[in-house]
Amino acid sequence: MKRFALAGNPNCGKTTLFNSLTGSTAHVGNWPGVTVDKKTGTYKKCPEPVQIIDLPGIYSLSPYTPEEVIARNYVLDEKPDCVINIVDATNLERNLYLTTQLMEIDVPMVIALNMMDAVEKSGDKIDEKELEKRLGVPVVKISALKEKGLKELMDKAYAESKSERKGITVLEESALGHLIGDVKIALKGQNVQNPLFHAVKLVESDSIETEMHKETVQMINEFKETFEDEVFGNDFEALVADARYKYISKNFAPTVQKKKKEKFSMTRSDKADKVMTHKIWGIPIFLLILFAIFHLTFSEDFLYLGAIFKLPSLEDLGLLTAEGEPINYGVRWLACIYDGAVFSPGVIINNIWNDMLVGELFGWLGGLVEGSSMSPWAIGLINNGIFEGIAAVLSFLPPILVLFLFFSILEDSGYMARIAFILDRMFRRFGLSGRAFMPMIMGFGCSVPAMINTRTLADEKERTATVRVIPFFSCGAKLPILTAVAGAIVAYFHVGNADAITFLMYLLGIVAAIVSVLLMRSTTLKGETPPFIMELPAYHAPQFKNLMAHLWDKTKHFVKKAFTIILASTIVIWFLTHFSFAWKFLEDEEINQSILAGISQLVQPLFTPLGFGSQLGQYGWVFVVAAVAGLIAKENVIATFATLAACLVAVANLNIGGLDIAAEEGIDAVQAMILATGITVPALISFIAFNMTTIPCFAAVGTAKAELQDKKRFNGTLIFWISASYVISAAIYTIGSWWWTAFIWAALIAAVVCLIIWHNKNAQKKALKKV
Amino acid sequence: MKIWEILLIVFCVAVVAGVIAAKVIAKKKGKPSCDCGCGGCSGCSACQKAKEDQNRK
């Protein structure tokens, strides 16, 4: 099978082209650095199937970043049959810099002028025939987004792949032309493949090349000693780069005909950026947008209309029965949209999903099981162990999808890249560059790809600090915990709004990450903050296809997880709560004698300073079980609550009385826990914070281990997660319960800060003495 | 014990054993265990690569 590699600058549309050619749904984001490793797919419309390799975006073939090394090694070592160089036609000169380097490799090549639709829209013209003639490489105009010109591109690439191509360089006529020619001949004599490419890189003093061709380096150094440029001195890398740009400006830029503009005018993106990336308003706007997203997803009072206009509830309108049930089917639907306030879109979808679909389905299934002739233990296992756990997790699918729809819109529109730019100034003060923000943002989806994305960070210490704080950015799996506990706090204690609590918990995660980074970068992970240069992509309307692909992927894996790992966990938890150490079957009322209760009660005192330990009495251990089950997968916390809540409802009927809770909804399950244990609001907030900041799921832990590679650093990371979650949760619980403890915490923080300053000064003095 | 109850126990054991076995096999093959889905992941092949690197070491 032939292999074609897609190479180009970051954010030039490689992955969009890859998806169009292969029918894949690889993650496409409107910010540079989405792809960190190569991906493969198959194109079937050529005379024979062609494997397409999507390489990460790069600006050059110099080995400065891991992406550049991956792309360079692939093209040089794996020898694809053709390289399709995707060039952003709206930014031709800068993109051709990489083209001039790819041209030096002995590999068939085709240039795809992407985003031609945007060029034509702006009134500019590119003479591709002339450009082709000057480059000596076939050029095809395409629009990957609109899938235009793709067939022609692939046909040309296929035709090119049949013939051999020798590398050419634009540096021939530069001051270094002779030297490059001599080095090329020398390398050819040594049977080195791609001698021209290696010769140029040797002249540039490329670290990999100088290591590989030690004997040739001496010859180059002899020449370099006799050479001095007026502007760049002995900086040969700068000299080569300058020669390339000069050649591009002189020979290729004239193929672009810019529409005559009377005066300099700002594009729409520039105008929007004047506001969105403002040095003062940038961060408040970001927080406002974030809050709007949470409001649209979680608020039960859309735009606070209910509170402002004092709208009547369904009960006031006489639409509920004496038992509080809707009087007819129509009112049931109305209750999904309105009850004293219009619900936000996220809540409406959630209500319809839970009340009309999931609730109905599992209620019906539960009824079937109840009516069967099975033993009570089997009915309990199916209804409480299996159905309750799965239904509770599935009940959170709508808010997760709505939230991720908004996040995808932000990403696709290009705003995410702006957030990195806005936060760079702030992050830099804490020892991280804005680039570190990109993996953190990915952490809102899942910590695993986010940790892998930290490979884009060149500094090892910065990378370690970023990997450690990524779990603080609440992932999709943690959302059910947040939503269920926040919803239960509002429903049971009538405190605050669910949207505000969820928003504040997300902010808490971000603040905890910043404080942790500050501490790490000023103590154990000290180091220089690398400069952050990022190209801001133009804003564009999100693509419906992309958004749906993101959501479909999320749905598929959430449902798959519910029916595999969550199902298995709930079965295990049900068994462990219904058998004693003597292997005797226990009724729901006896779960306090179960294996799970026995083990949990042993470690329960450890959680007392966090508010969900020994102070919760006989059923308090359920919070410990939920937190530990969350280590397998965070959705397990709510599945565990639902399974145990079903048992506690039976207990409550005996001991508490008057409890009317349907535990198949996560929020109700948490309310059952509150009733049974008497847990307080600060303890519940502390519980959320603990789950958000403690050791993430096993998959994320495994990834952190693989990414950090150093055993000592990985162990340090585990200790960091445990201690950070413990301290944060303890602070929340104690300050929430006894406000005056805030002074004790403030004193402790001040002491730690003083200790760090003193330690750093001491270290500086020692270093000076040594000098 | 009724046949349905025996089948229920078999089903539960199969689910638990199946999930654990699937995770172990996936880990041995170097596949990621994140359940985030490789199709939409920017670093899906990187997961494999990390495993290969470890094996090479």
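Q: How far does helix α17 of chain A reach from its first C-alpha to its last?
A: In this predicted model, where local features need pLDDT of at least 70, side-chain atom pairs count only at pLDDT 80 or more, and totals for chains, interfaces and linings use all residues, the helix covers residues 376-394, 19 in number. Helices (H or I, at least four residues) and strands (E, at least two) are DSSP runs numbered from the N terminus. At 1.5 Å times one less than the number of residues, the expected span is 27 Å, and the span found is close to that, at 25 Å.

Q: On which residue is the kink in α17(A) centred?
A: Residues are numbered from 1 along each chain as its sequence is written, while chains are lettered from A and ligands numbered from 1 in the order in which they are written. The bend at a residue is the angle between axes fitted to the seven residues ending there and the seven starting there. In α17(A) there is a kink of about 35°, and its centre is Phe387(A).

Q: How many residues of α17(A) are buried?
A: A residue is buried if 20 or more other C-beta atoms lie within 10 Å of its own, exposed if 12 or fewer, and partly exposed in between, with C-beta atoms placed from the backbone. By that count α17(A) is mostly covered, the buried share of its 19 residues being 16.

Q: Which residues of β5(A) are buried on the side opposite Met109(A), Ile111(A) and Leu113(A)?
A: Strand β5 of chain A spans residues 109-114, and 6 of its 6 residues are buried. Both faces are therefore covered under the burial cut-off. Across from the three named residues lie Val110(A), Ala112(A) and Asn114(A).

Q: What is the handedness of the β-α-β crossover from β4(A) to β5(A)?
A: Strand β4 (residues 82-88) pairs with β5(A) in the parallel sense over 6 bridges, where pairing takes at least two DSSP bridges. Ile86(A) stands opposite Ala112(A) in β5(A). The chain passes through helix α3 (residues 92-102). A crossover is right-handed if, with the strands pointing away from the viewer, the path from the first strand over the helix to the second runs clockwise, and this one is right-handed.

Q: Which residue in β7(A) is the bridge partner of Leu113(A)?
A: Strand β7 of chain A (residues 139-141) runs parallel to β5(A), joined by 3 bridges. Opposite Leu113(A) is Lys141(A).

Q: What percentage of the residues in chain B is buried?
A: Chain B has 2 helices and 0 strands. Of its 57 residues, the buried share is 26%.
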